[in-house]
Amino acid sequence: MALEGIKNKLQQLRLEADASAEKVEELTTKVKTLEQENLAKEQEITSLTHKNHTLEAEVEKLDAGHKDMKSQLDQTGHHGSQNEALQRKLQILEEEAEEADKNIRETNDKYRQADVKAGHYERKVQALESARDQWEEKYEEMAKKYAQVKKELEDFQVEIGNI
(Lines give C-alpha, C1' and ligand atoms only; values in the text may rest on other atoms or scores of the structure.)
Protein backbone atom coordinates (compact mmCIF):
# COMPACT_ATOMS: atom_id res chain seq x y z
CA MET A 1 0.00 0.00 0.00
CA ALA A 2 2.69 2.24 0.61
CA LEU A 3 3.94 1.56 -2.82
CA GLU A 4 0.60 2.11 -4.26
CA GLY A 5 0.27 5.31 -2.31
CA ILE A 6 3.60 6.44 -3.63
CA LYS A 7 2.54 5.46 -7.16
CA ASN A 8 -0.67 7.37 -6.73
CA LYS A 9 1.26 10.28 -5.31
CA LEU A 10 3.71 10.07 -8.21
CA GLN A 11 0.85 9.84 -10.62
CA GLN A 12 -0.73 12.81 -9.01
CA LEU A 13 2.58 14.69 -9.05
CA ARG A 14 3.00 13.87 -12.78
CA LEU A 15 -0.49 15.09 -13.46
CA GLU A 16 0.23 18.21 -11.47
CA ALA A 17 3.58 18.58 -13.25
CA ASP A 18 1.87 18.12 -16.62
CA ALA A 19 -0.81 20.59 -15.59
CA SER A 20 1.88 22.97 -14.33
CA ALA A 21 3.84 22.51 -17.58
CA GLU A 22 0.67 23.27 -19.58
CA LYS A 23 0.00 26.23 -17.32
CA VAL A 24 3.62 27.43 -17.78
CA GLU A 25 3.26 27.05 -21.57
CA GLU A 26 -0.08 28.82 -21.48
CA LEU A 27 1.34 31.60 -19.29
CA THR A 28 4.49 31.83 -21.43
CA THR A 29 2.31 32.18 -24.53
CA LYS A 30 0.21 34.77 -22.73
CA VAL A 31 3.38 36.68 -21.65
CA LYS A 32 4.69 36.62 -25.24
CA THR A 33 1.32 37.83 -26.50
CA LEU A 34 1.24 40.57 -23.86
CA GLU A 35 4.85 41.53 -24.66
CA GLN A 36 3.94 41.75 -28.37
CA GLU A 37 0.85 43.80 -27.52
CA ASN A 38 3.02 45.99 -25.24
CA LEU A 39 5.56 46.45 -28.05
CA ALA A 40 2.76 47.30 -30.50
CA LYS A 41 1.30 49.79 -27.98
CA GLU A 42 4.74 51.35 -27.45
CA GLN A 43 5.16 51.69 -31.24
CA GLU A 44 1.66 53.20 -31.46
CA ILE A 45 2.55 55.61 -28.63
CA THR A 46 5.76 56.59 -30.47
CA SER A 47 3.81 57.04 -33.71
CA LEU A 48 1.10 59.09 -31.99
CA THR A 49 3.74 61.19 -30.20
CA HIS A 50 5.40 61.93 -33.54
CA LYS A 51 2.02 62.67 -35.10
CA ASN A 52 1.22 64.95 -32.14
CA HIS A 53 4.48 66.87 -32.65
CA THR A 54 3.78 67.14 -36.35
CA LEU A 55 0.25 68.39 -35.68
CA GLU A 56 1.51 70.90 -33.11
CA ALA A 57 4.00 72.21 -35.68
CA GLU A 58 1.16 72.39 -38.22
CA VAL A 59 -1.00 74.27 -35.69
CA GLU A 60 1.82 76.76 -35.09
CA LYS A 61 2.27 77.15 -38.84
CA LEU A 62 -1.48 77.68 -39.30
CA ASP A 63 -1.53 80.19 -36.42
CA ALA A 64 1.28 82.12 -38.08
CA GLY A 65 -0.60 81.91 -41.41
CA HIS A 66 -3.77 83.06 -39.67
CA LYS A 67 -1.94 86.06 -38.19
CA ASP A 68 -0.48 86.86 -41.62
CA MET A 69 -3.89 86.55 -43.25
CA LYS A 70 -5.43 88.71 -40.56
CA SER A 71 -2.82 91.41 -41.08
CA GLN A 72 -3.29 91.13 -44.84
CA LEU A 73 -7.03 91.38 -44.34
CA ASP A 74 -6.51 94.49 -42.23
CA GLN A 75 -4.28 95.89 -44.95
CA THR A 76 -6.81 94.84 -47.57
CA GLY A 77 -9.46 96.67 -45.61
CA HIS A 78 -7.21 99.72 -45.71
CA HIS A 79 -6.57 99.10 -49.40
CA GLY A 80 -10.30 98.60 -49.87
CA SER A 81 -11.05 102.06 -48.51
CA GLN A 82 -8.24 103.47 -50.65
CA ASN A 83 -9.68 101.56 -53.60
CA GLU A 84 -13.12 103.03 -52.95
CA ALA A 85 -11.65 106.54 -52.74
CA LEU A 86 -9.75 105.96 -55.98
CA GLN A 87 -12.91 104.60 -57.61
CA ARG A 88 -14.77 107.78 -56.59
CA LYS A 89 -11.93 109.95 -57.91
CA LEU A 90 -11.92 107.95 -61.13
CA GLN A 91 -15.66 108.40 -61.50
CA ILE A 92 -15.34 112.16 -60.90
CA LEU A 93 -12.49 112.38 -63.42
CA GLU A 94 -14.52 110.41 -65.96
CA GLU A 95 -17.46 112.76 -65.46
CA GLU A 96 -15.16 115.76 -65.83
CA ALA A 97 -13.66 114.21 -68.96
CA GLU A 98 -17.13 113.68 -70.41
CA GLU A 99 -18.02 117.30 -69.60
CA ALA A 100 -14.76 118.51 -71.16
CA ASP A 101 -15.43 116.35 -74.23
CA LYS A 102 -18.92 117.85 -74.50
CA ASN A 103 -17.45 121.36 -74.18
CA ILE A 104 -14.86 120.54 -76.86
CA ARG A 105 -17.60 119.32 -79.23
CA GLU A 106 -19.65 122.48 -78.58
CA THR A 107 -16.57 124.66 -79.07
CA ASN A 108 -15.72 122.83 -82.31
CA ASP A 109 -19.29 123.33 -83.54
CA LYS A 110 -19.13 127.04 -82.69
CA TYR A 111 -15.70 127.25 -84.37
CA ARG A 112 -17.07 125.65 -87.56
CA GLN A 113 -20.03 128.02 -87.53
CA ALA A 114 -17.71 130.99 -86.99
CA ASP A 115 -15.44 129.71 -89.77
CA VAL A 116 -18.40 129.43 -92.13
CA LYS A 117 -19.55 132.95 -91.18
CA ALA A 118 -15.99 134.26 -91.61
CA GLY A 119 -15.85 132.73 -95.08
CA HIS A 120 -19.23 134.28 -95.89
CA TYR A 121 -18.12 137.70 -94.64
CA GLU A 122 -14.78 137.42 -96.51
CA ARG A 123 -16.72 136.81 -99.75
CA LYS A 124 -18.98 139.75 -98.87
CA VAL A 125 -15.93 141.98 -98.19
CA GLN A 126 -14.39 140.90 -101.51
CA ALA A 127 -17.66 141.67 -103.27
CA LEU A 128 -17.90 145.08 -101.54
CA GLU A 129 -14.23 145.86 -102.33
CA SER A 130 -14.88 144.92 -105.93
CA ALA A 131 -17.96 147.15 -105.97
CA ARG A 132 -15.96 149.97 -104.31
CA ASP A 133 -13.21 149.59 -106.92
CA GLN A 134 -15.85 149.83 -109.68
CA TRP A 135 -17.35 152.90 -108.04
CA GLU A 136 -13.90 154.47 -107.70
CA GLU A 137 -13.25 153.83 -111.39
CA LYS A 138 -16.62 155.35 -112.25
CA TYR A 139 -15.83 158.30 -109.93
CA GLU A 140 -12.47 158.84 -111.58
CA GLU A 141 -14.09 158.64 -115.02
CA MET A 142 -16.78 161.03 -113.91
CA ALA A 143 -14.18 163.33 -112.35
CA LYS A 144 -12.27 163.33 -115.66
CA LYS A 145 -15.47 163.95 -117.58
CA TYR A 146 -16.41 166.69 -115.12
CA ALA A 147 -13.02 168.30 -115.47
CA GLN A 148 -13.30 168.00 -119.22
CA VAL A 149 -16.82 169.39 -119.26
CA LYS A 150 -15.76 172.16 -116.87
CA LYS A 151 -12.86 173.02 -119.13
CA GLU A 152 -15.18 172.99 -122.12
CA LEU A 153 -17.57 175.22 -120.17
CA GLU A 154 -14.76 177.62 -119.28
CA ASP A 155 -13.57 177.61 -122.88
CA PHE A 156 -17.11 178.22 -123.97
CA GLN A 157 -17.51 181.05 -121.47
CA VAL A 158 -14.24 182.56 -122.68
CA GLU A 159 -15.46 182.34 -126.26
CA ILE A 160 -18.79 183.83 -125.30
CA GLY A 161 -16.96 186.53 -123.38
CA ASN A 162 -14.88 187.21 -126.46
CA ILE A 163 -17.88 187.68 -128.59
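In this predicted model, a helix is a DSSP run of type H or I with at least four residues, and helices are numbered from the N terminus. The exercises below apply this definition and a few cut-offs.

**Exercise 1. Determine how many helices and strands the protein chain has, and describe its overall dimensions.**

Step 1. The protein chain has 1 helix and 0 strands. Helix α1 covers residues 2-162.

Step 2. Along its principal axes, the C-alpha trace spans about 230 × 25 × 15 Å.

Step 3. The radius of gyration of the protein chain is 66 Å, whereas a compact globule of 163 residues would have one near 15 Å.

**Exercise 2. State what percentage of the residues of the protein chain count as buried, and what area the chain exposes.**

Step 1. The cut-off for a buried residue is a relative accessible area under 20%. Of the 163 residues, 1% count as buried.

Step 2. The exposed area of the protein chain is about 15700 Å². Carbon and sulfur atoms supply 56% of that area.

**Exercise 3. Analyse the salt bridge between R105 and D101.**

Step 1. Side chains of opposite charge can pair when their charged atoms come close. A salt bridge requires a side-chain nitrogen of Lys or Arg within 4 Å of a carboxyl oxygen of Asp or Glu.

Step 2. The closest N and O atoms of R105 and D101 are 3.1 Å apart, and the two residues form a salt bridge.

Step 3. R105 and D101 are separated by about one helical turn, because they are 4 residues apart in helix α1.

Step 4. With 47% relative accessibility, R105 counts as partly exposed. D101 has a relative accessible area of 37% and is therefore partly exposed.

**Exercise 4. Identify which residues are linked with R132 in a network of salt bridges.**

Step 1. R132 forms a salt bridge with D133, and their closest N and O atoms are 3.1 Å apart.

Step 2. R132 also forms a salt bridge with E136, where the closest N and O atoms are 3.7 Å apart. Both E136 and R132 lie in helix α1, 4 residues apart, which is about one turn of the helix.

Step 3. R132, D133 and E136 are thus linked in a network of salt bridges. In total, the structure holds 4 salt bridges.

Step 4. The accessibility of each member can then be classified. R132 is partly exposed at 44% relative accessibility, D133 is partly exposed at 34%, and E136 is partly exposed at 40%.

**Exercise 5. Describe the nonpolar surface patch that includes L153, and the position of the charged end of K138.**

Step 1. L153, F156 and I160 make a nonpolar surface patch of about 290 Å².

Step 2. L153 belongs to helix α1. Membership of a patch requires over 30% relative accessible area. L153 has 45% relative accessibility and so counts as partly exposed.

Step 3. The charged end of K138 sits over the ring of W135, at 5.0 Å from the ring centre.

Step 4. As for pairs between aromatic rings, the structure holds 0 of them.

Key
Residues are numbered from 1 along each chain as its sequence is written. This is a predicted model: local features need pLDDT of at least 70, side-chain atom pairs count only at pLDDT 80 or more; totals for chains, interfaces and linings use all residues. Side-chain values use heavy atoms; hydrogens and water are left out. Rings of Phe, Tyr and Trp (its six-membered ring) pair if their centres lie within 6.5 Å; planes under 30 degrees apart count as stacked, over 60 as edge-to-face and the rest as tilted. A charge sits over a ring if NZ of Lys or CZ of Arg is within 6 Å of the ring centre and within 35 degrees of the ring normal. Patches are made of residues with over 30% relative accessible area and no salt bridge: like charges are joined within 9 Å, nonpolar side chains (Val, Leu, Ile, Met, Phe, Trp, Tyr) within 5 Å. Accessible areas come from the Shrake-Rupley method with a 1.4 Å probe; for residues, only the protein chains shown count as cover. Helices (H or I, at least four residues) and strands (E, at least two) are DSSP runs, numbered from the N terminus. Buried means under 20% relative accessible area, exposed over 50%, partly exposed in between (1.4 Å probe, protein chains only). The radius of gyration is taken over C-alpha atoms; the globule rule is 2.2 Å times the number of residues to the power 0.38.
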